[in-house]
There are 2 protein chains.
Amino acid sequence: MAAPWVVWFNEIMQSDLIPFLRPAGVVVIGASTSPDRLGHGIARNLIASNYKGAIHFVGQREGRLFDRPVYDDVSRVPDPVDLAVVVIPPGAVAAALDACGRRGIRAAIVISAGFKEAGAEGAALEERCLEVARSHQLRILGPNCIGTMSTHLPLDTTFLQPPMPPAGSIGFVSHSGALCAAIIDWARGQGIGFSQVVSLGNQSDVNEIDLLPALCEDKQTRVVVMYLEGISDGRRFVQLARQLSSRTPLIALKVGASESGRRAAASHTGAMAGSDRAYTAAFEKAGVLRATDTAEGFDWAKALSSCPPLPGRNIAVLTNAGGPGVIAVDALAARGMHLTELAAATRAELAASLPPAASVANPVDMLASARPVDYASSLAVLLRDKAVDGVLVISPPPPMYAAEALAEALSPVIRAAKKPVLMVLMGSELTKGAFRLFAEADIPVYEMPERAASAFLALARYQELARRGSPPTAPPANWRPLQPGTALNEETLARACNIPRAERRLALSDAEAAGIASAIGFPVVLKIASPDIPHKSDIGAVLQDLQDEAGVVAAYSKVRERVLATRPEARIEGVYVERQVGQGQDVILGALQDPDFGPLMMFGSGGIEVEGLRDTSFALAPLSDLEAHDMLQRTWAGRRLAGYRSLPPADEKQVVEALVALSWLAHEQRNLEEIEINPLRVLEPGLGVVALDVRYRLRSQDPDSP
Amino acid sequence: MAAPWVVWFNEIMQSDLIPFLRPAGVVVIGASTSPDRLGHGIARNLIASNYKGAIHFVGQREGRLFDRPVYDDVSRVPDPVDLAVVVIPPGAVAAALDACGRRGIRAAIVISAGFKEAGAEGAALEERCLEVARSHQLRILGPNCIGTMSTHLPLDTTFLQPPMPPAGSIGFVSHSGALCAAIIDWARGQGIGFSQVVSLGNQSDVNEIDLLPALCEDKQTRVVVMYLEGISDGRRFVQLARQLSSRTPLIALKVGASESGRRAAASHTGAMAGSDRAYTAAFEKAGVLRATDTAEGFDWAKALSSCPPLPGRNIAVLTNAGGPGVIAVDALAARGMHLTELAAATRAELAASLPPAASVANPVDMLASARPVDYASSLAVLLRDKAVDGVLVISPPPPMYAAEALAEALSPVIRAAKKPVLMVLMGSELTKGAFRLFAEADIPVYEMPERAASAFLALARYQELARRGSPPTAPPANWRPLQPGTALNEETLARACNIPRAERRLALSDAEAAGIASAIGFPVVLKIASPDIPHKSDIGAVLQDLQDEAGVVAAYSKVRERVLATRPEARIEGVYVERQVGQGQDVILGALQDPDFGPLMMFGSGGIEVEGLRDTSFALAPLSDLEAHDMLQRTWAGRRLAGYRSLPPADEKQVVEALVALSWLAHEQRNLEEIEINPLRVLEPGLGVVALDVRYRLRSQDPDSP
């Protein structure tokens, strides 16, 4: 008996979560006639929200509330009812859920607190509730949450002060109920409307991942903002979010960056890869935009929920005053956006209609005399320019006309535009009417140029992430997986990645040295092995470019003689014979199993200064060539592989291959806790790479060990 | 005949600028009865602002306006009158200024546009106005400005929509009139009040530097925000602002960062030191806080204008909900603030009054049940803890009481506190009443935790800059200035900085090599001089550790023999004899004459990759030891001088000395356009530094050359 409004929703939604967003009838368990009880507020909001389904109340005793009957038992509640909102003392919740299950209700929002968040006793209560719910196949949202809002349905299951936020196209799901309350109220002043708001509470059952597909399938929701204090299943999140984000922009406000600390780790990769970096890499992999500032996240959502796709980073600025224009220009440039050069025809067309002193180059400054009609016609000209991907339009409070006139003149042009236009109304009292008009016309409007510039970056990033294509599903053709049972050691690990190692063995005689050299291949380098001589080449104790066995035999004696002559006191352990590695650039490759997201890859400037220099980038394994190339480009170590001034280019292609191969190794060898190649010597183009040192750590054999 | 309200102002103000901020009588030249003329708006605002001095109007013809006489000539205006506001067509302004001068008026605000900003003809008009004004010793603010507001006087000489912004303690001076209009209106929604607003326009006479002392001396002004599109005299600005900022916090919103581009430059220092870096260094030297985000600049001003000094970076967070609390924690940490550890006594006292499930560690989470009285008592407890330098208090919209009650309970505690307390009210409609109450009580209040965290950083930075002490006025004791007329070359420049150079000379015979070695001092290194052998040590063509003449003679032959044996085809130009430089760390020191601010110093990771790696810091010369040390600490190259893992420590002290000396050299030798020591080899502690390469460029001898 679906009501007509259910057609607003797509049918693909996970069936057992449907009643949370689209119930046919709701019962409040704990409805109260006492105005200072939450159960009163929820009853009030259900009615005030203008919910069109059935509304029922269950209370401690029979009676009436808001002109409706209050039952003393959920079994007596008539059809239809498929969602319970439970707001009673925690000790009574399990019994209430049992009663709901017996009544045939399969979804319950538990508002009540006093569970896991309150200590061991509460945790036991929560466990009991979950058992009861599972026995009835009843799904729980909460406990310790503030409920849900579906503004288009409409439906409000919270106790927050009405009215609900304006209906819009942003879905918001939050691990913090207080943040829901704060954002809902804050957003009212920002021209932000919501489609769905969901407070997740303790997530004893339904979590942020479960709800994500349902939210993305909701036809009223064009972007989802997630406030996250953690992620329930990292690998599942990445996989799911990557699929969903290609159609619905996802924005994450992930907190806890400062708490994570660093893991005690044996490698540079481990020391650098705090769990917050893993989250950043996971969001990147999943196509999720991560905002580090709460307001900024919603600024992005505003633009992503209503703008056409931004084809590139070339922005035009339209203003009637220089100061605000140059603020916008700086803000765009600081975020990596480009101030586009306007076509000659565009400049000519603008010049024809603007005063002579106006600037028709980008930023276009129409001067203070610009009327709303000038804004509209200039914007139309800019939008026709192929070099313009989007336009940032600015107005301070207009002195000669009401700002509302600007909204009326511009809105039709912006609504019809095939490119994003972001409005900046710098003001408050004098601009609030116009601000509201733009917001009502679903046009993103901001108080400051910096916030619009940030939103442009979000529009660009979303398209760029979407253009990356599918994640790699199979390793590259030249990838040679390790046979099961292969012992993991430096050699097998490097070979699996197809990365040659610089071989080095200790010789105790000239004959042995010659034999080793023949075995590892010429040319070789001979080096004294002595703990007392740190700078061996300074005293000639390193001989290079040895091309044959005779040369090695002669060099063996020479190296020893030189040491005996200059450092007679030094202990000599023998002579190292090393395959000679050519000149090149040194980088670091690393991989670390993240407990939430699997192997996290690192690339960057190697040596001992990795943590100090911080010239590193991270991404989740397995990597595509494009992702690996991207990691290189985000570091100086990677960019300089193309050559820089007198520094010759190096074999970038082989670094990408090695990084991709290492990512597959880490992806497939889950017991490989950490691996790090530092340095990896990158030879000139065509000559490949050589691992000068490989370190790794395997997971403890005993799965029960801490 | 000073009115009683002049006692509000300090007497130290520059006397000829007094009439702009504190006139005894104002005449509007161009007063109009037509409501759509600016001259009407200005007349209206003068009266509406409740200005207590004399108000006079001069118009095209005699008549009446707002019940006052309109004169047709300023000569007929009665006393008192010491400020003219001129708003007539540009071509008529010079004559009007002449008339003002003859009338004895010594200050004029020229609102009229159509001057320098409109092209050559306008520039000529502006020049003419200035000549006329100078002939009468009349000071001009503008032209092309929107006037001034003195909210406490009160006085409004603008044409902006009344009312004036709320009276407060922020002075705002701006190169953009449109930005004044925008900020004044925007600030109304932010709980921000102003003491003075000054629009500078074209600055034909009075500029931002002239006004700064007057604003800082204004007793109602506790912080000055400057919107700057440039600085009129860089050196004067730095000197003046440094003096003023020790008493009055100064905040700069300097735009144009993206436009400046890079100078064509011969050195790494030149390539890195775009003019925006010079501005950043200048603000740092001057103790001015630079904001890169407009709203953030005013967020800082709000805190700096009303908070007691922040003694350190140790902050406590007080919240009634986890989510907003962790957002605040992340935001503080991201800005380098510390979440302080509360004393055991503090935690015990909090635990005694809060529910058992509350968190009494920092962040303190009182839980949703916290009432206003709990906020007030918990805040008082936190403020008593010596480990707490400041407190960030957060409230989402309270569900069980009106937010205004929170303002009433907290305001007395915050007003009485000796430490800064910043309020965050996350909301809009439900919190606006409380927001206003806090603002009226002069308590900084923000909508989001991130903005309060940023304000805390500004409070900390202001104190840290203030604690730096005086700038260096004299060079260090061991500084040896170059005698006038000394030819500048690598040798004299390095000697002036007391930085030894690695000497190297070409020898063409073994005897010559031995002679050179004796001259430059042992030990020496011999190296083949050949354009065909890039990696000389690979073939043994470098011999080190030569301790006497005999060794050098033997080595000379050996080096040549080795080359002849391994690379018979290579051209040999001779053998280099070089003073042997020990192992160490390499850094870069540089100085570049900035046209606005004088010599800009650079320190960082040297080599050829300076621009790529960007591990550099900048500061204006001359440097104190503390400033030089600070430059080191801002780079990895500087931090690792203390030693890092297996990297031994290096002579950091000598690097500081060298940097300070180089800064004095650049400061005193103004014709030294650029100098760069790259690399500077830093030996182990106690052994000093050696310049391995010095490059420099002198200013063209011909001062007329471009």
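**Entry 1: strands E10 and E11 of chain B**

I looked up B:Phe172 and found that this residue stands opposite B:Val197 in E11(B). The model I am reading is a predicted one. I then noted the strands around this pair: E10 of chain B covers residues 167–174, E11 of chain B covers residues 194–199, and the two run parallel, joined by 6 bridges.

I followed these strands outward to their sheet. The sheet is open, with 7 strands in the order E9-E8-E11-E10-E12-E13-E14 (chain B), and its pairing is mixed. At its edges I found strand E9 (155–156) and strand E14 (289–290) of chain B, each of which pairs on one side only.

Which helix lies across E10, E11 and strand E12 of chain B? I identified helix H6 (residues 208–217) of chain B, which runs at about 165° to E12(B), the strand of residues 223–228.

**Entry 2: a second sheet in chain B**

I turned next to another open sheet of chain B, in which 7 strands follow the order E3-E4-E2-E1-E5-E6-E7 with mixed pairing. Strand E3 (63–65) and strand E7 (139–141) of chain B are the edge strands, and each has a pairing on one side only. I recorded that neighbouring strands of this sheet are turned by 30° against each other on average, with direction ignored.

At the E7 edge, strand E6 (residues 107–110) of chain B pairs with E7(B) in the parallel sense over 3 bridges. I noted B:Leu141 in E7(B) as the bridge partner of B:Ile109.

At the other edge, I found E3(B) and E4(B) paired in the antiparallel sense over 3 bridges, with B:Leu65 opposite B:Arg68 in E4(B). These two strands form a hairpin with 2 residues between them, and B:Phe66 in the turn has a positive phi of about 50°. Strand E4 (residues 68–71) of chain B also pairs with E2(B), here in the parallel sense over 2 bridges. In that pairing I located B:Phe57 opposite B:Val70 in E4(B).

I also checked for a helix on this sheet. Helix H2 (residues 38–48) of chain B lies across strand E1 (25–29), strand E2 (54–58), E3 and strand E5 (83–86) of chain B, and runs at about 160° to E1(B).

**Entry 3: the hairpin in chain A**

I looked up the corresponding strands in chain A. Strand E3 (residues 63–65) of chain A pairs with E4(A) in the antiparallel sense over 3 bridges, and A:Leu65 stands opposite A:Arg68 in E4(A). The hairpin of E3(A) and E4(A) has 2 residues between the strands, and A:Phe66 takes a positive phi near 50° there. Strand E2 (residues 54–58) of chain A and strand E4 (residues 68–71) of chain A pair in the parallel sense over 2 bridges; I noted A:Phe57 opposite A:Val70.

**Entry 4: domains and a helix pair in chain A**

I recorded the division of chain A into domain 1 (13–221), domain 2 (312–453), domain 3 (503–579) and domain 4 (585–698). The centres of domain 1 and domain 4 of chain A, taken over C-alpha atoms, are separated by 48 Å.

I then examined helix H21 (residues 625–633) and helix H23 (residues 652–668) of chain A, whose axes come within 9 Å and cross at roughly 115°. The crossing of H21(A) with H23(A) is right-handed. On the H21(A) side I listed A:Asp625, A:Ala628, A:His629, A:Met631 and A:Leu632, which meet A:Glu652, A:Val655, A:Val656, A:Leu659 and A:Val660 in H23(A). By class, this contact has 7 nonpolar, 1 polar and 2 charged residues.

**Entry 5: the two chains together**

How many residues does each chain give to the contact? I read 65 residues from chain A and 66 residues from chain B. The elements of chain A that give two or more residues to this side include helix H5 (177–188), helix H10 (294–306) and strand E23 (542–546). H11(A) supplies the largest share, 9 residues. The side of chain A that touches chain B has 32 nonpolar, 19 polar and 14 charged residues.

Last, I looked up how the copies are related. A turn of 180° and a shift of 0.0 Å along the axis lay chain A on chain B with an RMSD of 0.1 Å. The two copies are therefore related as by a two-fold rotation axis. Of the residues of chain A, A:Gly540 comes closest to this rotation axis, at 3.9 Å (C-alpha). I noted that the same surface serves both copies, as 98% of the contact residues of chain A recur in chain B.

Terms used. Residues are numbered from 1 along each chain as its sequence is written. Chains are lettered from A and ligands numbered from 1 in the order in which they are written. This is a predicted model: local features need pLDDT of at least 70, side-chain atom pairs count only at pLDDT 80 or more; totals for chains, interfaces and linings use all residues. Two residues are in contact if their C-beta atoms, placed from the backbone, lie within 7 Å. Helices (H or I, at least four residues) and strands (E, at least two) are DSSP runs, numbered from the N terminus. Ala, Val, Leu, Ile, Met, Phe, Trp, Tyr, Cys and Pro count as nonpolar, Asp, Glu, Lys and Arg as charged, and the others, Gly among them, as polar. Axes are lines fitted to C-alpha atoms, for helices over the stretch in contact, and angles run from 0 to 180 degrees between N-to-C directions. A crossing is left-handed if the near helix is turned anticlockwise from the far one by less than a right angle, and right-handed if clockwise. Two strands pair if DSSP finds at least two bridges between them. Domain bounds come from an automatic or database domain assignment. Copies are superposed by least squares on the C-alpha atoms of residues with pLDDT of at least 70 in both.
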